[in-house]
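Grab your viewer and work through a few exercises on the complex shown here. Each one sets a task and then walks through the solution.

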Amino acid sequence: MSANAEAMPMTRSQSAPAKVFAFARRHVLTLYALLAFGYLLLPISVVVLFSFNHPHGRFNYTWQGFTFDNWVHWDAVPGLRGALEASLEIAAISSVSATVLGALIALALVRYGFRGRGATNLLIFLPMSTPEIVLGASLLTLFLTMNVTTGFWTIVIAHVMFNISYVVVTVKARLVGFDRHLEEAAMDLGANEWTTFWRVTMPLIAPGILAALLLTFALSVDDFVITNFNAGTTVTFPLFVWGAARAAVFPQINVVGTAIFAVAVSAMLANVVWQNRRARRLA
Amino acid sequence: MGFLHRHRRLTPYLLLGPGLAWLALFFVAPLGFLGHQSLETQDPIELTYTFKWAWHNYSDAITTYHTQLLRSFEYAGIATLIALLISYPLSYWIAFRGGRWKNVLLLFIVGPFFVTYLIRTLAWETILADQGFVADRLRDLHLLGADGRLLATSTAVVAGITYNFLPFMALPLYVSLEQIDQRLIEAAQDLYASRVRAFLRVTLPLSLPGIFAGTLLTFIPAAGDFINAQLLGTPNQAMIGNVIQSKFLELTDYPAAAALSFILMAIILVLIGIYARALGTERLTG
């Protein structure tokens, strides 16, 4: 013990080469991180930049000149507005439904001991570890066998299905650190279960619920593979892009892509700020 | 709620019921139907399907499409490895050097992925295009032959897959690195471990759950992907996803497509099992 205690100060004063090494290491890592950020942001910059392009011809691949036209006339391309509306409607319905269903599962998993917990966990994990193409194909098989015409509602069904697991994981992460005594205290003070749920439980898991809503909304708007199998004649925004990619790429597609990106990032920033404020207020 | 109070033991099942029923109906049952379909045979003239326990669908699928199957796992494996090499230092940097900017820096990782998947991939098509900026500069530097291409190569497809699934790698890595108690690393160094040794013996093992989750979350969608191969490659880069989707949606050869889907899933599950055992991950995930 005493030998260790004496040795301590020696390790604190580093030799000169060690300092140089530490300095270099620190900055190598920073440089690497900056390069990685550059790589992550490069395609996005291209998307944003080419939303201002003034392309000649059908493809928006080379820079031809700057214009605001695409932003002003963003719905000049037939079918684009309808596809975007379909995507947003499907995302709204499916994210709310999946969040309700998933949050209830998360509550049950964290708060109650019950038979079949292992099987439940497996059932939650499996959809996330199944390739999307298999999820999409198997649902299509179901609808074909049942003679269900695929369209708007089959897309909603599919999106709720693949979103539930993500909700469970997100809300569960929030519930694990949850102190049950807070609820018991509320009940001891005369609150009934309903009041306790809305006044104590809900505010505590609200950030998890909100995160789940944002995540599932984003996953739904973005989904192509599963939607492609179960869409019938309904066209969502990703399906519209896919169809366009084969014939002609309009700069308007970049406009909508940029807009979705801007909204999503703003929502996430707002969430970060909100969480920080909350953390400060609670602390 | 009074009812719930009287039947407390029922409560968890009531909470689970609706969600699990949804998964049973629209996840489990469809897999059953897919399995059924994979054993059907198609009447070539009437284009009708009859169930015949046609196990040969599976062997036929493997003999015909083993190239695409192997290629899928090869591409997915390489992409997962590159994503790990890119993400680990990046997540490490954010977790240990990010300070109060951590959450904002994370936005830089997650943010790009709110541009629709297909648009992101089309952006890579623009970047790698034959007459694009990058290809032109590489030709100027004679790094690329006069008729050399960046697009329509295996490299382009693997690069696209790596890019598209990177956050699935970076986020779990970040979460596991961020949870590491810095004092453990300091303790290792106080006990005369060099920085490298402290990393290898403390930080790396503690981040294993993140590596495990990240590689799985990247590898699984990568192996089933067909969009990158479609947009950035040629039929020579076709993956098993391309085969499944064209058989389902264009050729309506449902039994073969269903068999291929199950083969893909089975291989993935076996690989996960081997991988979990190799990393000794039962204790990591439980």
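The exercises below cover ground rules, confidence, the interface, salt bridges and one loop residue.

**Ground rules**

This is a predicted model, where local features need pLDDT of at least 70, side-chain atom pairs count only at pLDDT 80 or more, and totals for chains, interfaces and linings use all residues. Residues are numbered from 1 along each chain as its sequence is written, chains are lettered from A and ligands numbered from 1 in the order in which they are written, and side-chain values use heavy atoms, with hydrogens and water left out.

**Exercise 1. Find where confidence in chain B is lowest and where it is highest.**

Step 1: Start with the average. Chain B has a mean pLDDT (the predictor's confidence in each residue, from 0 to 100) of 83, and 94% of its residues reach 70 or more.

Step 2: Go helix by helix (helices are DSSP runs of H or I, at least four residues, and strands are runs of E, at least two, numbered from the N terminus). Helix H14 (residues 282-285) of chain B is lowest, with a mean of 50, while helix H3 (residues 56-97) of chain B is highest, at 89.

Step 3: Keep a caveat in mind: where pLDDT is low, don't read the predicted coordinates in detail.

Step 4: For the complex, the predictor reports an ipTM of 0.83 and a pTM of 0.83.

**Exercise 2. Describe the interface between chain A and chain B.**

Step 1: Count residues in contact (heavy atoms within 4.5 Å). Chain A brings 85 residues and chain B brings 79 residues.

Step 2: Get the buried area (the accessible area, with a 1.4 Å probe, that two parts lose on being put together, summed over both). That comes to about 8100 Å², with carbon and sulfur atoms giving 78%. On the chain A side, Phe37(A), Tyr39(A) and Leu40(A) lose the most area to chain B, together 8% of what that side buries.

Step 3: Look for charge pairing across the interface. There is 1 salt bridge (a side-chain nitrogen of Lys or Arg within 4 Å of a carboxyl oxygen of Asp or Glu) between chain A and chain B. Asp222(A) and Arg120(B) pair up in a salt bridge, 3.4 Å from N to O.

Step 4: See which element contributes. Helix H2 (residues 16-50) of chain A gives the most to the side of chain A that touches chain B, at 19 residues.

**Exercise 3. Which salt bridges lie within a chain, and how buried or exposed are their residues?**

Step 1: The search over all chains turns up 5 salt bridges.

Step 2: Take Arg81(A) and Glu85(A), whose closest N and O atoms are 4.0 Å apart. They sit about one helical turn from each other, because they are 4 residues apart in helix H4 (residues 80-111) of chain A. Arg81(A) is partly exposed at 41% relative accessibility (buried is under 20% relative accessible area, exposed over 50%, partly exposed in between, with a 1.4 Å probe and protein chains only). Glu85(A) is also partly exposed, at 40%.

Step 3: In chain B, Glu178(B) and Lys102(B) form a salt bridge at 3.0 Å, N to O. This pair links distant parts of the chain, 76 residues apart: Glu178(B) is in helix H7 (residues 154-178) of chain B and Lys102(B) in helix H4 (residues 102-110) of chain B. Glu178(B) is partly exposed at 36%, whereas Lys102(B) is buried at 19%.

Step 4: Asp253(B) and Lys247(B) form another salt bridge, at 3.3 Å, N to O. Both residues are buried.

**Exercise 4. Locate Ser129(A) and list what it touches.**

Step 1: Ser129(A) lies in the loop between helix H5 (117-128) and helix H6 (132-145) of chain A.

Step 2: Ser129(A) is buried, at 4% relative accessibility.

Step 3: Leaving out residues up to four places away in sequence, Ser129(A) touches Ile220(B) and Ile268(B).
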